[in-house]
Structures are given as structure tokens and as C-alpha cells.
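Please open the model in a viewer and keep the sequence panel visible beside it. The tour below proceeds by selection, one stop at a time.

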Amino acid sequence: GRAAVLGSGAVGLATARLLQEAGFAVTIYTKALPPETTSNIAGGQWFPFGVSEPSRRTPLFNQQLLAAAEYAFKRYQIMIGARFGIRWMRNYFPTNKGFSETGYLGTQSVLRPMMPEFRDLNAGEHPFPGCSWVRQFDTLLIEPPTYLAAMLDEFRLAGGNYVIREIADRAAVAALEEKLVFNCTGLGAKAIFQDDELTPMKGQLTFLLPQPEVEYAVVRDELY
């Protein structure tokens, strides 16, 4: 049948492509297409963090998160290369507080199998001399401008349609011709669905001069 996707950022385009592969005719409703989306200027590293408050996670939530993470981890690996702008990159987690081994970056994490090259480093093995503990792991870096452009091309080639329209509220969603609707509006969902609990985790981006010697990412304590 027919399906609608709200939003054309990274989540919207990935959802639209998965729906197409499942046999659906898909229309994306969006107020702007890449490169005029938030995703286009956001950081693009793959790792399922920051999607919920730790104190409110349930066993069912963790089960669903793990299933989605395992699928995404495998899927992005077959997309590595210049076409989608995806490659492996080293991550460092420096801290002076010690590690929570039951957290998403801990040794007991259910995501541990999806963190290759995971190990704790000794002094002199990392570029953070002032930190008492430094943990490393590798994950997939996604260059948003390249990835989004390629995904939009794939969506169009597969027969997808898009409508430039801002969805203002629930009534606008209910008025769509498609009865199967996937909400991928990100922070925009706060207004559309009156979701007062939806809170942005990160809201500032700083563009720096190129530093060829920096070939890694740094994970900060406050994110976990």
C-alpha cells in the first residue's frame, strides 16, 4: 500500500528507503529537502546513544533498541565508501570519574559487540594526558551532506515522491491521504504532537579550521 514519512532528514530518508524495500509506495512530506535540513549540518557518527533517559528505560525498550542497533550496524557496514560517505573512525572516551560498566559504553553493555577495537588505554597511548581513564572503540562516521544526497537519490530512483509542506499539527497528519504515517520530524514533533517532554540533547555546532592530525572523535562524560 501507500505510506507517508514526515521529515526528510537522516531518519526520514532511512525510513523511506526501508519502506520502499518492503514494497510500499512512499511519499515524504517535508518543509525542506537536503541540504536545507538540520541533519545536513549535524554530526553523523553512528551509535545509539542519547535516545532516552537512562532512568526511564524499560526491558522492552532495551530489547527494541538492541534489535534496531544490530540491524543498523550491519546495514551501514555494507554502505561504507564514497557513495554514501561512510567510514570507520576511532573514538576516545576520556574521563576523570571512572566508567559506568553497565552504561552503553561499559564492558557489560548490550552494545559491546558493536564496538570493535574496544579497550582501555594506558598513559602514552592516547592524546589526553590530563585524564585518569581513557577508553577507545571504533564506530562508523557518516558525512551528512554526502549521505543525505545519496539517500535522496536512492529514494527518487526507487519511485518515491515528496511534497514540500510543513505539517503543523495532528489535524494535518490525519488529513493526509496515506493512513500509514511514520513521524521522522525530530525536534519538530514537539510542536506537531504537543510533546512537552521532547528535549534536544545537543543544540550547538562549531565549525573549526581543518586539523588533518585529528582523525578521531571524543565522547564526553555528560552524554552518558
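Is Arg 87 buried, partly exposed or exposed? The model is a predicted one, and in it Arg 87 has a relative accessibility of 41%. Because buried means under 20% and exposed means over 50%, Arg 87 counts as partly exposed.

**First stop: Arg 87 and Glu 143**

Select Arg 87 together with Glu 143 and display both side chains. The two form a salt bridge, with an N to O distance of 3.9 Å. This pair connects distant parts of the chain: Arg 87 belongs to strand β4, Glu 143 sits in the loop between β6 and α3, and 56 residues separate them. Glu 143, at 35% relative accessibility, is also partly exposed.

**Second stop: strand β4 and its partners**

Now extend the selection to β4, residues 86-95. Seven of the ten residues in β4 are buried, so that the strand is mostly covered, a residue being counted as buried under 20% relative accessible area. Add β6, residues 133-142. The pairing of β4 with β6 is antiparallel and runs over ten bridges. To check the register, select Ile 86, which stands opposite Ile 142 in β6.

Next, select residues 216-218, which make up strand β9. β9 pairs with β4 in the parallel sense, over three bridges. Here Asn 91 has Ala 217 of β9 as its bridge partner.

**Third stop: Arg 135**

Return to β6 and select Arg 135. How accessible is Arg 135? Its relative accessible area is 1%, and Arg 135 is therefore buried. Two acidic residues should be displayed with it.

One is Asp 120: its salt bridge with Arg 135 has its closest N and O atoms 2.6 Å apart. Because Arg 135 lies in strand β6 and Asp 120 in strand β5, this pair ties together parts that are 15 residues apart in sequence. Asp 120 is partly exposed, at a relative accessible area of 43%.

Another is Glu 101, which forms a salt bridge with Arg 135 at 3.0 Å between the closest N and O atoms. Glu 101 lies in the loop between β4 and β5, whereas Arg 135 is in β6, so this pair joins parts 34 residues apart in sequence. Glu 101 has a relative accessible area of 25% and is partly exposed.

**Fourth stop: Ser 109**

From Glu 101, move to Ser 109, which is found in the loop between β4 and β5. Which residues does Ser 109 touch, leaving aside those up to four places away in sequence? They are Glu 101, Gly 103, Tyr 104 and Met 115. Ser 109 is buried, with a relative accessible area of 7%. Display the backbone of Leu 111 as well: the side chain of Ser 109 reaches the backbone nitrogen of Leu 111 at 3.0 Å.

**Fifth stop: helix α3**

Select residues 144-157, which form helix α3. This helix has 14 residues and reaches 20 Å from its first C-alpha to its last, close to the 20 Å expected at 1.5 Å a residue. Colour its buried residues: Pro 144, Tyr 147, Leu 148, Ala 150, Met 151, Leu 152 and Phe 155. Against which elements do the buried residues of α3 pack? They pack against α1 (10-21), β2 (25-30), α2 (59-77), β4, β6 and β7 (161-164). Just after the helix, select Gly 159, which takes a positive phi of about 90°.

**Sixth stop: the charged network**

Select Arg 17, Glu 21, Arg 75, Arg 83 and Glu 154; salt bridges link these residues in a network. Over the whole structure, the search finds twelve salt bridges.

**Last stop: the cysteines and Glu 53**

Select Cys 131 and Cys 184. Cys 131 is partly exposed, at 25% relative accessibility, whereas Cys 184 is buried, with a relative accessible area of 13%. With a cut-off of 2.5 Å between cysteine sulfur atoms, the disulfide count is zero.

Finally, select Glu 53, in the loop between β3 (45-46) and α2. Glu 53 is partly exposed, at 46% relative accessibility. Draw a distance from its C-alpha to that of Ala 16: the two atoms are separated by 27 Å, and the residues are 37 apart along the chain.

Methods:
Residues numbered from 1 in each chain as written. Predicted model: local features only at pLDDT ≥ 70, side-chain atom pairs only at ≥ 80, totals over all residues. Heavy atoms only, no water. Helix = DSSP H or I, 4+ residues; strand = E, 2+ residues; numbered from the N terminus. Expected span 1.5 Å × (residues − 1). Buried < 20%, exposed > 50% of the residue type's maximum accessible area, 1.4 Å probe, protein only. Contact = heavy atoms within 4.5 Å. Polar contact = N/O pair within 3.5 Å; in protein donor to acceptor, adjacent residues only side chain to side chain. Pairing = 2+ DSSP bridges. Salt bridge = Lys/Arg side-chain N within 4 Å of Asp/Glu carboxyl O.
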